[in-house]
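Hi everyone, thanks for coming. I'd like to walk you through one structure today, with a few stops along the way. Let's put it up on the screen.

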Amino acid sequence: MSSLSASFVKIRFDDLQFYENCGGGSFGSVYRAKWLSQDKEVAVKKLLKIEKEAEILSVLSHRNVIQFFGAVLESPNYAIVTEYAPGGSLYEYLSSDESEGMDMDQIMRWATEIAKGMHYLHMDAPIKVIHRDLKSRNVVIAGDKVLKICDFGASRFHSHTTHMSLVGTFPWMAPEIIQSLPVAETCDTYSYGVVLWEMLTREIPFKGLEGLQVAWLVVEKNERLTIPSSCPVSFAELLRQSWVTDPKKRPSFKQVLGILEAMSHDSKLPDQCNSFLHNKAEWRCEIEATLERLKKLERDLSTKEQELKERERRLKMWEQKLVEQSNSALFLPITAKFSEESFYESKTEESNSTEMSCQITASSNGEVDGMNKSLQEMMKGFGNILSMNLAGPVKQSGIQINMQAKQNSSKSTCVRKGNKINMTMGFDHFNWSEDSD
C-alpha cells in the first residue's frame, strides 16, 4: 500500500465525541466514543503515531475479527476507529461472576469462533497476518455474544516475519517469541491454547508471577500451565498439542477446527466437561500447588542470583585492594620464618651365603658290591644334603668324585649427619574490611 491516506477512511478528530476509557491496547489507550457524523458508537484507540495496525485492519473483513472504520491522521491526535464491543473483553468476562454459568456449549462455540478468526488471518485474509499477541484481553464480546479478535498493534504481515522483536504479554507468549526468534503462524496456536485454558478454568495464567519470571519458567524450565487431572481428555490433549515447544509440531488453526468439530460429535463429552466446570473446588488446588512450586523455584533462583552478585562484589573489592597495595609498595607483604635442626642417620646392611656342589662320575664293566658299600658310606657324611639311589646292583670299574664348597659374606654401613634449615612464607594481613563507610 503506497499511501496510508488512500488505504482507509480518514476520520476527523472533532467528529468524535469521547466517553470513558475502556482499557488499554498495545501501544495505546482505548475509549468508548461516538462517531458523530455517522451516529455510531465506536471504539477509539489513541496512538502516538499510525503504524502497521491501521494498514492491517483496513484489509481485514471477518465475522470474528473486529471491524475497522477508519483512522485519525491529525497530529498529535492519531487514532484508530473500530466497532465497539459492549460485552467488554473475554478476560473481564471470565473474571466476573457471570462466567460461573459457562457450560461446554458456550466454551465450544467461543473456542470455535476464535479459531475461525485466526484461521482467516493465517489463510484466507488478503494478506496473511500473524497476530503475535492473542490473549483474552484482545478478544472482545460483541452485542450478539460473538467473539471478535482485536488489537493488531503487535501483528506483522506474514512476509515480514523472518525475525521478531519482543512483543506481547508473557503468560500468553510462545517460547520463540519470548526469545525473539523467527516465528511462524503457530506462535498464535500457543496463545490460543492459553485462552482455551482460561475458558476451561476461569483462572489467570501464572497468577502471582511477574512477566520475566514466567518467561524464564517457560523457556528455561519448559513449564506450562497446569492441566487439572479431571479435565476431559480431548480438551487436555488439545492444550498439550498447542503448547509443544517445537512450533512445527503445533496444530494449525485448520487442524484445531477439525479437532473441535470431532469433539462436538462426542456424546459423552458434554457431561464430562460440565462436571469438570461445576466442580472447580476439587481441582483448583492442583493449579495452586503448581503456582506455589513455581514461586519457590523462582525464589531459589533469586537467592542464587543474590549470592552470585555478593560474590562478584567481594571479588571487585578484593581486586581494588590489590591494586591499592601494589600502588603503595614495590613489594608484596610477605613474612618468612626460619628454623634449624640437626640430624644423624646410620644405616647398616649385612648378608651371608653358602654354596656346595658335588660331581660324581662312575664307570663299570661288571658288578662290584664292595664299591657300592664304600660309596654309600661316603655319602652318609653329607647327611641329607646329598642323596643317592643304589637299590640295584651297579656295574662299575672306576669312580671319580669332585667336591667344592663356598661361603660368602658382606657388610656395609652408611652414616649421614648434618644440619637442616626450615623456612615458611606467607602473606601479611591486608587490613581490608568489607564494611562500608
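Before anything else, one cut-off we'll need: a residue is called buried when its relative accessible area is under 20%, exposed when over 50%, and partly exposed in between. Please also keep in mind that this is a predicted model.

Let's use that cut-off straight away on Arg-202. You'll find Arg-202 in the loop between α6 (186–201) and α7. With a relative accessibility of 16%, Arg-202 falls under the 20% limit and therefore counts as buried. Its backbone deserves a look as well: phi of Arg-202 is near 55°, a positive value in a residue other than glycine. Why do I point that out? Because most residues other than glycine have a negative phi.

Now the overall picture. The chain has 12 helices and 11 strands. Of its 437 residues, 38% are buried. If we take the contacts between residues at least 6 apart in sequence, 71% of them join residues at least 24 apart. As for the surface, the accessible area is about 25800 Å², and carbon and sulfur atoms account for 49% of it.

On to the largest pocket. It holds about 530 Å³ of space. Its lining has 26 residues, with Cys-22, Val-30, Arg-137, Val-140 and Cys-150 nearest the centre. Two or more lining residues come from each of β1 (16–25), β3 (40–47), α2 (52–57) and β5 (77–83). Which element gives the most to this lining? That's β1, with 4 residues. By type, the lining of the largest pocket has 13 nonpolar, 7 polar and 6 charged residues. And where does the pocket sit? Domain 1 (13–83) and domain 2 (88–282) both contribute to the lining, so the largest pocket lies between them.

Gly-87 is worth a stop too, in the loop between β5 and α3 (90–94). Gly-87 counts as partly exposed because its relative accessibility is 36%. Gly-87 and Leu-147 are 60 residues apart in sequence, and their C-alpha atoms are 9.4 Å apart in space.

Next, the cavities: how many of 30 Å³ or more turn up in the whole structure? The search finds 2. The largest cavity has a volume of about 50 Å³. Helix α11 (residues 280–328) gives the largest share of its lining, 4 residues. That lining divides into 7 nonpolar, 2 polar and 1 charged. The second largest cavity holds about 30 Å³, and its lining has 6 nonpolar residues, no polar ones and 1 charged. Look for Phe-206, Arg-224 and Leu-225 on your screens: they are among the residues lining the largest cavity, and they also help to line the second largest one.

Let me finish with some backbone details. Lys-145 has a positive phi, near 65°, and lies in the loop between β7 (139–141) and β8 (147–149). Is Lys-145 buried or partly exposed? Its relative accessibility is 44%, so Lys-145 counts as partly exposed. Another positive phi, about 55°, belongs to Asn-222, just after α7. Helix α7 itself (residues 211–220) has Gln-213, Val-214, Ala-215, Leu-217 and Val-218 as its buried residues.

And one peptide bond to zoom in on: Ser-75 and Pro-76 are joined in cis, with omega about 0°. Pro-76 is in the loop between β4 (68–74) and β5. For context, most peptide bonds are trans.

That's my tour, thanks for listening!

Notes
Residues numbered from 1 in each chain as written. Predicted model: local features only at pLDDT ≥ 70, side-chain atom pairs only at ≥ 80, totals over all residues. Heavy atoms only, no water. Buried < 20%, exposed > 50% of the residue type's maximum accessible area, 1.4 Å probe, protein only. Contact = heavy atoms within 4.5 Å. Areas by Shrake-Rupley, 256 points an atom, 1.4 Å probe, with all protein chains shown as cover. 1 Å grid on protein atoms, 1.4 Å probe; cavity = no way out; pocket = protein on both sides within 12 Å on 5 of 7 lines; lining within 4 Å. Points joined across faces, edges and corners; volume = space filled by probe spheres on them. Nonpolar A, V, L, I, M, F, W, Y, C, P; charged D, E, K, R; others polar. Domains from an automatic or database assignment.
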